[in-house]
Amino acid sequence: MDHANVDYRRGFDDLRQETHVEHLPVEGTLPDWLSGTLLRNGPAQFAVDGDAYNHWFDGLAMLHAFHVQDGAVSYRNRFLDTRSRRDALEEGEIAHAEFATDPCRSIFGRVMSIFNPTLTDNASVNIDRLAGQAVALTETPMPVAFDPETLETAGVVDFADEQDAPITTAHPHTEVGTGRTLTYLTDLGRQCRYHLCAIEPGTRHRNVLATLDVGTPSYMHSFGMTEHYAILSEWPLVVNPLDVLLSGEPFIENFAWTPERGVRFRILRLSDGQEVATVTADAAFAFHHVNAYEAGNELVCDVAAYPDAQIIDDLYLDPLRAPDRHPTHAHLHRYRLPLSGGTARVETIAPDTSIELPRIRDDREGKRYTTLYGIGTRRAESFSDQLVKLDVDAGAADTWHADGLYPGEPVFVPRPDTTGEDDGVILSVVLDARDDTSLLLVLDAKSFTEIARARVPHAIPFGFHGQFFE
């Protein structure tokens with residue numbers, strides 16, 4: 001058995017201690033212009049007193065902050081102080097239903113949860129700004145505010161509206177020009193609906209731009225947005241809302257893969273919420289949209305796509321920790337969506353290069369772009385073990401990898417006063433399986449070569465998403 005290949009499983013172990021290190025040891029030289037804080041989010045505790053969560057997505061959220069200034073790096077980590085975590089620690093067992101873990105072990109408990117639903121506030125997926133605050137996000141509409149310097153939790157953001165749909169996205173968009181936040185809600189009930197919503201800067205009110213009736217809602221982790229349109233991508237992983245209430249199964253296990261439905265892209269005009277077209281394609285599944293933009297009479301919509309929804313099962317903790325199981329891989333699919341409706345034209349870009357946790361330069365969102373960054377896999381039998389820089393026009397990839405190192409999501413930070421899509425640096429938190437530590441890796445984005453690293457004195461569990469705050 002490949003020893004290095006087994007060691008990445010350290011990234012799915014608990015990290016219980018909270019640490020503040022004023023000066024991490026730095027190898028190499030950080031750019032003198034790089035100043036700010038990389039904030040990261042992800043699960044860090046996968047069991048409570050022996051009561052184990054089922055899925056990577058379920059673990060209790062922990063925030064990590066790497067503050068960079070004058071060539072030095074400090075580090076702090078802190079659990080997100082949520083009701084889900086407090087109740088679990090007080091009760092000595094999992095207390096709230098998560099993505100793939102449901103603590104209602106009895107028929108009575110399942111029935112009572114129907115009449116007294118408690119959404120999880122375990123916001124372990126992403127980080128953004130909302131109403132002037134840093135917030136941690138998950139797929140329930142309960143953003144948790146925190147202090148980006150101390151990582152102290154400030155509490156769930158209460159919205160000043162009456163929307164009570166239980167499902168949202170952890171990947172909202174910020175509209176160029178207006179600064180408003182675009183998101184959506186999925187309402188499960190006798191009549192299920194999608195609501196496309198806008199949050200004006202500095203407010204906590206979700207204004208509904210559009211409402212779409214839907215019979216069996218799709219699991220949609222993210223959505224696409226161009227300058228004038230939003231794209232809701234209905235992958236054929238769908239749910240009967242009664243199953244969520246009555247089956248007693250964890251949330252995601254109520255969804256059924258129905259490939260005969262194919263994919264439906266529902267295109268909404270941002271100015272008035274009108275659904276201008278529905279475009280179909282063969283069955284596929286994706287967590288993450290990369291970018292979308294307008295090209296004449298069509299929209300170009302790029303996603304990190306899988307052939308089916310097997311990836312959700314692959315990311316349960318038991319198979320992730322097993323020596324002979326490895327997740328399936330995503331590839332960049334480009335969907336060309338005619339604004340007149342009909343069938344999408346689909347292209348796989350760089351089919352030999354897997355890609356996930358995709359990022360681009362932030363100000364290229366909704367516009368034509370060339371450069372995509374992500375994580376990928378060199379060996380089919382491994383977890384993600386390389387960083388990828390992909391030219392989406394040429395289909396050519398540059399990679400960074402090193403033995404025993406397993407990088408996380410790459411975050412692009414532009415050099416001040418530049419517009420180039422690779423004029424800046426890439427920041428990635430990397431697990432070093434060789435000595436059970438993690439490090440902040442800094443790559444020159446243009447050459448895609450290492451320029452510095454700052455080592456943390458412990459291993460950081462694999463996380464999901466983050467942002468760089470100046």
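**Notes on a sheet, a buried aspartate and a pocket**

1. Gly224 stands opposite Ile231 in strand S18. In this predicted model, that pairing belongs to the contact between S17 and S18 (residues 229–234), two strands that run in the antiparallel sense and are joined over two bridges.

2. Seen more widely, S17 and S18 belong to an open sheet of five strands, arranged in the order S17-S18-S21-S22-S26 with mixed pairing. Strand S17 (224–225) and strand S26 (342–343) stand at the edges, and each has a single partner strand, so one side of each is left without a neighbour in the sheet.

3. A separate point concerns Asp422, which is placed in the loop between strand S33 (411–414) and strand S34 (424–432). Asp422 is buried, because its relative accessible area of 17% falls under the 20% cut-off. Its side chain makes a polar contact of 2.9 Å with the side chain of Lys389, and, leaving aside neighbours within four places in sequence, Asp422 is also in contact with residues including Tyr373, Phe412 and Ala445.

4. The second largest pocket has a volume of about 1200 Å³ and is lined by 45 residues, of which Thr174, Arg359, Asp362, Glu365 and Gln467 lie nearest its centre. By type, the lining divides into 19 nonpolar, 16 polar and 10 charged residues.

5. The pocket also links back to the earlier points, since S17 and S33 are among the strands that each supply at least two residues of its lining. Strand S23 gives the most to this lining, with five residues.

Technical notes
Residues numbered from 1 in each chain as written. Predicted model: local features only at pLDDT ≥ 70, side-chain atom pairs only at ≥ 80, totals over all residues. Heavy atoms only, no water. Pairing = 2+ DSSP bridges. Helix = DSSP H or I, 4+ residues; strand = E, 2+ residues; numbered from the N terminus. Buried < 20%, exposed > 50% of the residue type's maximum accessible area, 1.4 Å probe, protein only. Polar contact = N/O pair within 3.5 Å; in protein donor to acceptor, adjacent residues only side chain to side chain. Contact = heavy atoms within 4.5 Å. 1 Å grid on protein atoms, 1.4 Å probe; cavity = no way out; pocket = protein on both sides within 12 Å on 5 of 7 lines; lining within 4 Å. Points joined across faces, edges and corners; volume = space filled by probe spheres on them. Nonpolar A, V, L, I, M, F, W, Y, C, P; charged D, E, K, R; others polar.
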